[in-house]
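Grab a coffee and open the viewer: here are some short exercises to work through at your own pace. Try each task yourself before you read its solution.

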Amino acid sequence: MFPSHDIAEVLANPTFLNRGIGYKTSTTRVTVSGDGYADVYELGGNIIVDGVPRVVRTGANFEINSINWTPSVLPISGPWAGVTAGSDKFVGITYQGPGTTQIVYSADGEGWTTSTIPQQRDWRDIKFGNGVYIAVAYGTVFARSTNGISWTTITVPNANWSSVEYLNGKWVVISNGSTSALFSDDGGLTWQASSLPVAAQWIKVRHGANNFIAVSTNNDKVALSVDGQSWILRSVSSSEEWTNIAYGNNRLILIAKNTDEISISEDDGNTWNAGTGPSVADWEYIIFANRKFVMFAGTGTVSYSSRLGTSWLERD
């Protein structure tokens, strides 16, 4: 189901010229009033402008967000545990069991090159922050890199380390199936222990405006921390098979498999309300980029939303 939009029906069969701000059709230039930004699609021969309340009119320039995807070929196969954007490259890692030593990196997301991590592990997540890449795995080893190509290993306490995040000079790692957590304030060189409020299937940690948010699946709980040391428990809208979380436009959106429910927080994770996402699918990943939320399912379906995450449009 398409979300509600403003429609400029005067623009039949538009052709976009992807050159900077102010994309125009072959005959007419379109804008929206207000802050000058909107999400724009072509649908049924019409220009669709998402980001209401706004008024479609002719006049000055505005920015159009692309919704097209171009496939690229990776040099190794997955399954993929994660990908992160560094200062000058993307870096991805697989969790191919019983372990892998290979990562991939790319400057543009099109051409990819392989590199290796010193130890074969069951890698689970990778993140970039403040000039450092950190990869975490089940067991007693993390990997650290300052360029995403050459890696060193770091010994940590044994746990099912499932996810890693960086915020405001702090690194945080959580574990699946226990209360174990770690934090680092020296760029991931050394790690100190902390405890999550309860033992749960903690599968993802990401950040909001000022809080780390740890997500557990198959229940209704998240954990919040400002510094990675002290954690508090909060309840989300319902108990679901939650898989991932993203922050953007001053809100957090939590997604799940096998449901069209999402959970939304507008106060940095303290309170949550149920929302309606795209149709039921095995939703695994969500990001906020270029002023929109984008969800990815294991089947290949992609869904994207307005800045608020309240209406969704799907593409296969």
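**Exercise 1: The hairpins around E19**

Strands E18 and E19 make a hairpin with 4 residues between them, and Asn 258 in its turn has a positive phi of about 60°. Keep in mind that this is a predicted model.

Task: Find how many bridges join E18 (residues 251–256) to E19, and in which sense the strands pair. Then work out how many residues of E19 are buried.

Solution:
- Step 1. Begin with the pairing: E18 and E19 are antiparallel and share 3 bridges. Within that pairing, Ile 253 has Ile 264 of E19 as its bridge partner.
- Step 2. Turn to the next neighbour, strand E20 (residues 273–276), which pairs with E19 over 4 bridges, again in the antiparallel sense. Here Glu 261 stands opposite Thr 276 of E20.
- Step 3. Now look at burial along E19 (residues 261–265): 5 of its 5 residues are buried, and the strand is mostly covered.
- Step 4. Check the two faces. Glu 261, Ser 263 and Ser 265 point one way, Ile 262 and Ile 264 point the other way, and all are buried.

**Exercise 2: The surroundings of Asn 244**

Task: Decide whether Asn 244 is buried or exposed, and find which backbone oxygen its side chain reaches.

Solution:
- Step 1. Place the residue: Asn 244 sits in strand E17 (residues 242–248).
- Step 2. Compare its accessibility with the cut-off. Buried means under 20% relative accessible area; Asn 244 has 2%, so it is buried.
- Step 3. Follow the side chain of Asn 244, which reaches the backbone oxygen of Glu 284 at 3.1 Å.
- Step 4. List the neighbours. Leaving aside residues up to four places away in sequence, Asn 244 touches Lys 204, Ile 253, Leu 254, Ile 255, Glu 284, Tyr 285 and Ile 286.

**Exercise 3: Strand E22 and its partners**

Task: Explain why strand E22 (residues 292–297) is described as largely enclosed, and say which strands pair with it.

Solution:
- Step 1. Count the buried residues: 5 of the 6 in E22 are buried, so the strand is largely enclosed by the rest of the structure.
- Step 2. On to the partners. Strand E21 (residues 283–289) runs antiparallel to E22, with 6 bridges joining them. Tyr 285 has Phe 296 in E22 as its bridge partner.
- Step 3. Inspect the turn of this hairpin: 2 residues lie between E21 and E22, and Asn 290 takes a positive phi near 50°.
- Step 4. E22 also pairs with strand E23 (residues 302–305), antiparallel and over 3 bridges. Met 295 is matched with Ser 303 in E23. This hairpin has 4 residues between its strands, and Gly 300 in the turn has a positive phi of about 105°.

**Exercise 4: The largest nonpolar core**

Task: Find which strand gives the largest share of the largest nonpolar core.

Solution:
- Step 1. Start with the members. The core has 15 residues, and those touching the most other members are Val 91, Ile 93, Ile 103, Ile 117, Trp 123, Ala 135 and Trp 151.
- Step 2. Trace the sources: E7 (90–94), E8 (100–106), E9 (113–129) and E10 (132–145) each supply at least two residues of this core.
- Step 3. The largest share, 5 residues, comes from E10.
- Step 4. Apart from this core lies another, of 14 residues, including Val 136, Val 156, Val 164 and Tyr 166.

Methods: Residues are numbered from 1 along each chain as its sequence is written. This is a predicted model: local features need pLDDT of at least 70, side-chain atom pairs count only at pLDDT 80 or more; totals for chains, interfaces and linings use all residues. Side-chain values use heavy atoms; hydrogens and water are left out. Buried means under 20% relative accessible area, exposed over 50%, partly exposed in between (1.4 Å probe, protein chains only). A polar contact is a pair of N or O atoms within 3.5 Å; within protein, one must be able to donate a hydrogen and the other to accept it, and residues adjacent in sequence count only if both atoms are side-chain atoms. Contact means heavy atoms within 4.5 Å. Two strands pair if DSSP finds at least two bridges between them. A nonpolar core is a set of buried Ala, Val, Leu, Ile, Met, Phe, Trp, Tyr and Cys residues joined through side-chain atoms within 4.5 Å.
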